[in-house]
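Q: Please take a close look at one chain of this complex. I would like its build, its domains and its contact with the partner chain, in one connected account.

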Amino acid sequence: MKRREFNKLLLAGMAVPGMELLRNGMAYAQTPAGGLISLLAPEPPMLVLSLNQQQPTIVVGSKMFESLLDYDFDLTPRPQLADSWEMSEDGLTYTFHLVKNAKWHDGVPFTAHDVVFNCSVMLMEVHPRARTIFERCESIVAADDHTVVFKLKEPFGPFIYAFEVDSAPMAPKHIYEGTDYKNNPANEHPIGTGPFMFKEWARGSHIHLVANPDYYRQGKPGLTEIFFRVVPDAASRSVAMETGEAQLAGWNDVENFDVQRLAAMPHLEFTTKGYEFASPLLWYECNLRKEPFNDLRFRKAMMHLLDRDFAVERIMFGLAAPATGPIASTTKFFEPDLPRYEFSVEKANAILDEMGLKKGADGNRLTIRFLVVPAGEMWTRFAEYFRQAMAAGGIEVVLETTDIAGWGQSIANWDYEVSNNMLYQLGDPAIGVARSYISSNIRKGILFTNTQGYQNAEVDRLFAEAAVQTSEAARQELYSKVQRILVEELPVLWMTEQRYATLHDKRIVDLIVSATGVNSNFASARYA
Amino acid sequence: MRLLRRLLARVAGIAFSIFVIATINFTLVHSAPGDPALVIAGQSGATDAKFIEQVRAEYGLDKPFMIQLGTYLGKVARMDLGYSHRQRRQVSDLILERLGPTLLLMLSAFFLSLVGGVVFGALSGRRQGTWADLAISLVSLLLYATPVFWLGLMLVLVFSIQLEWLPAFGYANIHAAGYGAFEYARDVASHLILPAITLSAIYMAVYTRLMRSSLIEVAHEDHVRTARAKGLTEAAIRRRHMLRNAAVPVVTFAGLQAGALIGGSVVVETVFAWPGLGRLIFDAVTARDYPVLLGLFLVTSMLVIAVNLLTDLIHRLVDPRVAVR
């Protein structure tokens, strides 16, 4: 290289940043006319709801795929692909009358045969949660093109809650029947019945859906398009909501400590409604197979050391309510009249003294291991709070860290002492609650079962009986009984009923209209 | 002929190291605890025994380790990166669509840091002891000590939120599909500025300090004294005899930093939602997406090799003696 060229190179190097600075100021708010830009994190692996039920998949998939029903804030079923439905007297037969003018996005009419195919063939193969429910059916038949009849082997009270969009999403029979579902080319270009159709997925950047002009509800959808922007960093997500580059944040999109600041902004609407169907309950889980957790007195002492109000205020920043037992107060069959474990260090120490756990020279009675859930800031704080709370009772806690795969493996294989866990209630205790406490669900190697190893024959019996009852009153009585037993025996240490923040552009109305919130199809959302 | 033999030896060396890297990667990835089925279950909040079996069989995890390793190396030899069962796509497709943005970001940051480092280092070294020198040294020390993600957030705060000059994150406007070529390029460039500056800052700081000391050292060399004795002007001495010599160690060092640049891009890509390889690595690790992870390790090691070749090339431009040797 000649000297002159080298000098040019140097000059060019200086000129590049200079040019960049000269770029004129531009406003970067990207509001589309009549459309919506939603945040999305993390990026889903695929969009076909039948094949994947991770949170981001549901948020996007629920706009394209639908199920027979949706649910009001109080969990009353409301029409989606089914216009009406009835249950027989004996609780064994459910008949659904489907909407007559629904079409798949490729123009093929949606019929009862699609429902039969999904519920009796495809979901049975690919959907772990749907499998356990539709197994209860003796037969699923199409009485005519728009009527489906489910016959159960025995009554199942919560059957009506099986038709929420991610519990039983409908995929087109004419596309999937007889194929390898997981490798069907249509997975790349999802075809559903929903108010929005797939347009484009720029991986790592955004997913683009457009309004379905042939949607079966007159005048809907009210939005022209939806963009889901993948923004992996929580601080950047808050910035996006602040600048208007995104108009919707749900679930954990905004960190708890940032919610109040954003909620106060004049252009944003804030609500905690729309999570009633999930109603997640968070708890500390002890491995009951191990000392000293197998001793009820020790669990009671731990419960007295934990201040649920503190967790609500300081960890969740108000986005939670203290949990009082295994059933969340936002769902059905919650029993308000239960004994409480008040926060009392003295009581806890008295119990520990009585157990004969003496304090050593260092002031500690014993040391226990805590496996931190590696899923974000909130979980770390719950772990740190646990260590601090236990210290008051002379219990030393060693925090152990891992990644999400390692955490899953340790919990599923019962290789832990204490950890956190959080489960959705999924509309009904028989679906979302019983699984954590019945002894038939102690299954090694499988997450979200009765991993702590709790066994009580009476609890098993009550849950089993409550599931097959169809009278609400009879079920309430059984569930109240079981809640009393569980609160007395503390299979897990319940902490908080989680609330989530949904923040959205104020100009958009009728966005959060049901118990499934940001997981619903957004058909009614529109600009005011 | 000799050149050809040298070239062949080099290619063989690269191929061999790629195989060693592939074997080590595979062993490491598979010895980490955790199971993809449980990760999927963990994220979707539901699972049963049949589901876990299905996933294990799909990933081939039910076969003995040596057979899995053999299958994998065979695929690498055929340049087949495999199939991501999690994302239901070919790994090569997944990587290819992310490669462009990453290369754009990496190369911009590489050149920005190199050029910026050389320029500021030269300015500082030339005015050793003056206020300008002090200011540049101070700023570069500050940049060096600043965490990458924090710098990124501060830049966003100033340029995106306060001044509203530049977009806060992303690769292009979501409506970019309808843009013309020039408009699109301009849009991507405006999205590139903040992440490129963020990623290059720490390296620019290092190169500035390196260039400064290198220049001061060269200033005392014999050939500079000779040039001065010849009666050349100070400007000519600087340009012809000092800058080029001083830049050589900086370029060498920049080549060595290429690997770290890819590592740093994970953070920058996350903060700025940049759809590049760094984020794909991060997602694949947390999801235990083995085929993608292995493909990425392989591709990034090739990238490091490529950047080193590029450095060699720049070396030749800056110091013609390298080509002769």
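A: What follows looks at chain B, then at the partner's sheet. The model is predicted.

Start with the overall build. Chain B holds 14 helices and 2 strands. Its C-alpha trace spans about 85 × 60 × 40 Å along the principal axes. Chain B has 325 residues, and 43% of them count as buried. Take the contacts in chain B with a separation of 6 or more: 72% of these join residues 24 or more positions apart.

Next, the domains. The domain assignment of chain B gives domain 1, residues 2–80, and domain 2, residues 100–324. The centres of these two domains, taken over C-alpha atoms, are 32 Å apart. Domain 1 of chain B puts 13 residues into the contact between them, and domain 2 of chain B puts in 9. On the domain 1 side, the elements giving two or more residues are α1 (2–31), α2 and α4 (65–77) of chain B. The largest share there is that of α1(B), with 7 residues. By class, this domain 1 side has 11 nonpolar and 2 polar residues, and no charged ones.

Now the contact with chain A. Chain B contributes 53 residues and chain A contributes 59. Several helices of chain B supply at least two residues each to the side that touches chain A, among them α2 (36–44), α3 (49–59), α5 (91–126) and α8 (181–219). Others on that list include α10 (234–256) and α12 (277–287) of chain B. The largest share of this side comes from α2(B), with 6 residues. The side of chain B that touches chain A divides into 26 nonpolar, 14 polar and 13 charged residues. Thus α2(B) appears on two sides: the one that touches chain A, and the domain 1 side that touches domain 2 of chain B.

Finally, the partner. In chain A, 4 strands form an open antiparallel sheet, in the order β4-β5-β7-β6. Its edge strands are β4 (82–87) and β6 (137–144) of chain A, each pairing on one side only. Neighbouring strands in this sheet are turned by 15 degrees against each other on average, direction ignored. β6(A) pairs with β7 (147–152) of chain A in the antiparallel sense, over 6 bridges. Within that sheet, A:Val141 has A:Val149 of β7(A) as its bridge partner. Helix α3 (112–126) of chain A lies across β5 (93–98), β6 and β7 of chain A. This helix runs at about 165 degrees to β6(A).

Note on methods:
Residues are numbered from 1 along each chain as its sequence is written. Chains are lettered from A and ligands numbered from 1 in the order in which they are written. This is a predicted model: local features need pLDDT of at least 70, side-chain atom pairs count only at pLDDT 80 or more; totals for chains, interfaces and linings use all residues. Two strands pair if DSSP finds at least two bridges between them. Axes are lines fitted to C-alpha atoms, for helices over the stretch in contact, and angles run from 0 to 180 degrees between N-to-C directions. Two residues are in contact if their C-beta atoms, placed from the backbone, lie within 7 Å. A residue is buried if 20 or more other C-beta atoms lie within 10 Å of its own, exposed if 12 or fewer, and partly exposed in between; C-beta atoms are placed from the backbone. Ala, Val, Leu, Ile, Met, Phe, Trp, Tyr, Cys and Pro count as nonpolar, Asp, Glu, Lys and Arg as charged, and the others, Gly among them, as polar. Domain bounds come from an automatic or database domain assignment.
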